[in-house]
Amino acid sequence: MSKKIIVAVDEAKQNAAKDIINQLDPNKCMIKIGSVAFNSIGHGIISYSSQKGFDIFLDLKLHDIPNTVKKSIKGLSLLPVKMITIHTSGGKDMILAAKDAVVGTDIKVFGVTALTSLSDSDTSNIFQRTISQQVSVMLDLAESVGIDGVVCSPHELELVKKRPSLLSITPGIRLENSNDDQKRVMTPKKAIELGADYIVIGRPITESKDISKLLEEIYLSIQ
Ligand code: C5P
C-alpha cells in the first residue's frame, strides 16, 4: 500500500519547498505541486522532486475553454508528472479535451468535484444544491465522460465508490480536530478504510516539527 499518501508542498519560496521535499521519502509518498509552488517557483520544483525519485501530482485545477485546456495540458504533459487536475464543472467538452491531451502518455486526469473548503451553505449559494448533490452531479458527468478519477472530500467517498471506474484522491485530511479553512475533514486511516485511492495531506505534515517522523506515522497508520 505504498504511495497512497500525497504530500501537498504549498510553498512559494524554492528553499522552503526543497526543505520539505528533502525530509520526505519517495517510497512512502508522492508530492503534490499546486498553483502556490508552480506559479512562484516554476518547472524547477518539478524536476527537483522528480530527480529525488518522487512521483508528482500536478494540481493546477485547470478551468477554461476546451481548446485552452487541451493546449495547456499538452505543454504540461512534457513534464515528469503522473497526474493532473481540471475542474469537472468545466463541462463535458473540456473534460474530453483534457483526456485527448494526454493520449500517448501515462498521465492520469482527475476532476475536482467540489473544493473541500466549501460547506453546504457555500454550495447552496453558488450552485443552489447541497454539497452531496453537487458532488453527485459532477460524479455522473465524470463517469459518463470516462475521466480517470476525481478529487473529492473523504465524506463523498461513498458516492464515488458507487462508480467503480473512478479513482479517488481525497484532500481535507486531518490528524485531529483542527480549525483551519478545510471544512469536510477526516483522518488518514478512516479515509483509506472508506476506499480513498490517494489521500492528500498538506499543512499537518509540512508545518510539523518533524516532517519525516509524522510521514512515517501516517504511513504506518494506513497499512
Ligand atoms: O494543507 P492541506 O492539507 O489543507 O492541503 C490540501 C491540499 O489539497 C491543498 O493544496 C489544496 O489546494 C488541495 N485541494 C483541496 N480540495 C480540493 C482539491 C485540492 O484542499 N477539492
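Student: Which strands and which helix each supply at least two residues of the shell around the ligand?
Tutor: Keep in mind that this is a predicted model. Look at where the chain lines the ligand: each contributor here gives at least two residues to the shell. They are strand E3 (56-62), strand E8 (198-201) and helix H10 (203-206).

Student: How do the residues of that shell divide into nonpolar, polar and charged?
Tutor: There are 18 residues around the ligand, and Asp-10, Lys-32, Thr-116, Arg-174 and Arg-203 come nearest. Sorted by type, the shell has nine nonpolar, three polar and six charged residues.

Student: How much of the ligand's area does the protein bury?
Tutor: Start with the contacts to ligand oxygen atoms. A polar side-chain atom of Lys-32 sits 2.7 Å from one oxygen atom of the ligand, and a side-chain N or O atom of Arg-174 is also 2.7 Å from an oxygen atom of the ligand. Gly-202 uses its backbone instead, with an N or O atom 2.8 Å from a ligand oxygen. Taken alone the ligand exposes 470 Å², and the share of that buried by the protein is 88%.

Student: Which residues make up the one aromatic pair in the whole structure?
Tutor: A search of the whole structure turns up one such pair. Its geometry is edge-to-face, with 6.5 Å centre to centre and 85° between the planes. One partner is in strand E5 (residues 108-112) and the other in strand E8, 88 residues apart, so the pair links distant parts of the chain, and both partners are buried. The residues are Phe-110 and Tyr-198.

Student: Which residue lies over the face of Tyr-219?
Tutor: Check what sits above that ring. At 5.5 Å from the ring centre of Tyr-219, you'll find Lys-28.

Student: Is Gln-128 buried or exposed?
Tutor: Gln-128 belongs to the loop between helix H6 (120-127) and helix H7 (131-145). Its phi is positive, about 55°, although it is not a glycine. Exposed means over 50% relative accessible area. Gln-128 has 63%, so it counts as exposed.

Student: What about Lys-61: what is its phi?
Tutor: Most residues other than glycine have a negative phi. Lys-61, in strand E3, has a positive one although it is not a glycine. At 28% relative accessibility, Lys-61 counts as partly exposed. Its phi is about 45°.

Student: How far apart are the C-alpha atoms of Asn-15 and Ile-45?
Tutor: Asn-15 is in helix H1 (residues 14-22), and it counts as exposed at 63% relative accessibility. Along the chain, Asn-15 and Ile-45 are 30 residues apart. Their C-alpha atoms are separated by 10.0 Å.

Methods: Residues are numbered from 1 along each chain as its sequence is written. This is a predicted model: local features need pLDDT of at least 70, side-chain atom pairs count only at pLDDT 80 or more; totals for chains, interfaces and linings use all residues. Side-chain values use heavy atoms; hydrogens and water are left out. A residue is near a molecule or strand if one of its heavy atoms lies within 4 Å of it. A polar contact is a pair of N or O atoms within 3.5 Å; within protein, one must be able to donate a hydrogen and the other to accept it, and residues adjacent in sequence count only if both atoms are side-chain atoms. Accessible areas come from the Shrake-Rupley method with a 1.4 Å probe; for residues, only the protein chains shown count as cover. Helices (H or I, at least four residues) and strands (E, at least two) are DSSP runs, numbered from the N terminus. Ala, Val, Leu, Ile, Met, Phe, Trp, Tyr, Cys and Pro count as nonpolar, Asp, Glu, Lys and Arg as charged, and the others, Gly among them, as polar. Rings of Phe, Tyr and Trp (its six-membered ring) pair if their centres lie within 6.5 Å; planes under 30 degrees apart count as stacked, over 60 as edge-to-face and the rest as tilted. Buried means under 20% relative accessible area, exposed over 50%, partly exposed in between (1.4 Å probe, protein chains only). A charge sits over a ring if NZ of Lys or CZ of Arg is within 6 Å of the ring centre and within 35 degrees of the ring normal.
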